[in-house]
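Subject: Structure handover

Hi,

Here is the structure I promised to pass on. Have a look at it first, and then read on for what turned up.

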Amino acid sequence: MDFLFADISLWVYLALFCVALVAGIIDAIAGGGGLITVPALLAAGLSPAEALATNKLQGCAGTLSSSFHFVRKGHVKLADMILPIAMTAIGSALGTILVSYIDSRLLIQAVPIVLIAVAIFFLFLPKVQPLIASKVALSQTQFAFIIGTSIGFYDGLIGPGTGAFFSTAYLCFMGLSIISATAHTKVLNATSNLASLIMFAFTGHIVWMLGIAMGIGQWIGAQIGSQLVITKGSKLIRPLVIFMCLAMSIKLLMDA
């Protein structure tokens, strides 16, 4: 694949930049931005492997942008997240390596069911979350090894719903507020994306210039979305998470 991907017109670059910007806003708030960007990349003429690899590049820009914003605003302390970050990176790298060797179709078929469950959880969040958090609690170390590794592995292997899964885990097992859970989720989501991107870089499937152009849009959109999370809080996060979980479920069921 040509490094500049010269057979894609400037108008397609501009269109995908705009798509990435919108996806960055949505992803920073509720996750699921790949639901928008992957089909757009496929429509631009990329092969499935190129679309997935390039999506990781532009997705990294969005999640890193969100993470930077939340850290700068004091919603996340990176010093407290060293172990979860490390275990998430390891899990994501392993998942990305294994994606070429195992049949992930069975896992994909189960994802819509889990996403619908997450949507129901967020629908009843004010009543359900305090009950679960009071009865089931994980230490930072337990969270890192159990949740960080497993969801990181899932993100490297398949991906849809990773942000929603991390947010739900933080709400249920760490008792965080919805804004804090979203902020911590973006750091781990950025970690898993970056680890997966490093592995994809060796495959030759990344269309670098297109990914960078979309990454700029993602970065801008993620800054906007992160600010909305802080100012609007659960009034914006809950309904959008529910919508994105259901949208991803429908998309995966239709693909199946």
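Let's start with one residue. Leaving out residues up to four places away in sequence, Asp-27 touches Gly-32, Gly-33, Thr-63 and Lys-186. You'll find Asp-27 in helix H1. Its relative accessible area is 13%, so Asp-27 counts as buried, the cut-off being under 20%. One thing to keep in mind throughout: this is a predicted model.

Next, the nonpolar core. The largest one has 40 residues, and the members touching the most others are Leu-115, Phe-122, Leu-171 and Cys-245. Which helices supply at least two residues each to this core? They are H1 (10–30), H5 (105–123), H7 (140–157), H8 (162–173), H9 (178–200) and H11 (234–255). H11 gives the most, with 8 residues. As general background, nonpolar side chains in soluble globular proteins tend to be buried together.

If you want a place to zoom in, try Cys-245. Setting aside residues up to four places away in sequence, Cys-245 touches Leu-115, Val-118, Ala-119 and Ala-164. Apart from the largest core lies another one, of 12 residues, with Tyr-13, Ala-40, Val-207 and Leu-210 among them.

Now the cysteines. How many disulfides does a search of the whole structure find? The count is 0. Cys-172, for one, is in no disulfide, and the nearest cysteine sulfur, that of Cys-245, is 13 Å away. With a relative accessible area of 7%, Cys-172 is buried, because anything under 20% counts that way. Cys-60 is buried too, at 3% relative accessibility.

On to the empty spaces. There is 1 cavity of 30 Å³ or more, and the volume of the largest cavity is about 90 Å³. It is lined by 17 residues, of which Ile-29, Ala-30, Gly-163, Ser-167 and Thr-182 are the closest to its centre. H1, H8, H9 and H11 are the elements that give two or more residues to this lining. The largest share comes from H9, with 5 residues. By type, the lining of the largest cavity divides into 10 nonpolar, 5 polar and 2 charged residues.

Then there is the second largest pocket, with a volume of about 170 Å³. Its lining is made up of Val-114, Val-118, Ile-147, Ser-150, Ile-151, Tyr-154, Phe-165, Ala-169 and Phe-173. H5, H7 and H8 each supply at least two of the residues in this lining, and H7 has the largest share, 4 residues. In the lining of this pocket, 8 residues are nonpolar, 1 is polar and none is charged. Val-118 may ring a bell: besides lining this pocket, Val-118 is one of the residues that Cys-245 touches.

Last stop, Ile-116. You'll see Ile-116 in helix H5. Is Ile-116 buried, partly exposed or exposed? Its relative accessibility is 34%, which falls between the 20% and 50% cut-offs, so Ile-116 counts as partly exposed. Leaving aside neighbours within four places in sequence, Ile-116 is in contact with Leu-246 and Ser-249. If you'd like a distance to try out in your viewer, take Ile-116 and Gln-218: they are 102 residues apart in sequence, and 26 Å apart in space from C-alpha to C-alpha.

Over to you, and happy browsing!

Cheers

Notes. Residues numbered from 1 in each chain as written. Predicted model: local features only at pLDDT ≥ 70, side-chain atom pairs only at ≥ 80, totals over all residues. Heavy atoms only, no water. Disulfide = S-S within 2.5 Å. Buried < 20%, exposed > 50% of the residue type's maximum accessible area, 1.4 Å probe, protein only. Core = buried A, V, L, I, M, F, W, Y, C linked by side-chain atoms within 4.5 Å. Contact = heavy atoms within 4.5 Å. 1 Å grid on protein atoms, 1.4 Å probe; cavity = no way out; pocket = protein on both sides within 12 Å on 5 of 7 lines; lining within 4 Å. Points joined across faces, edges and corners; volume = space filled by probe spheres on them. Nonpolar A, V, L, I, M, F, W, Y, C, P; charged D, E, K, R; others polar.
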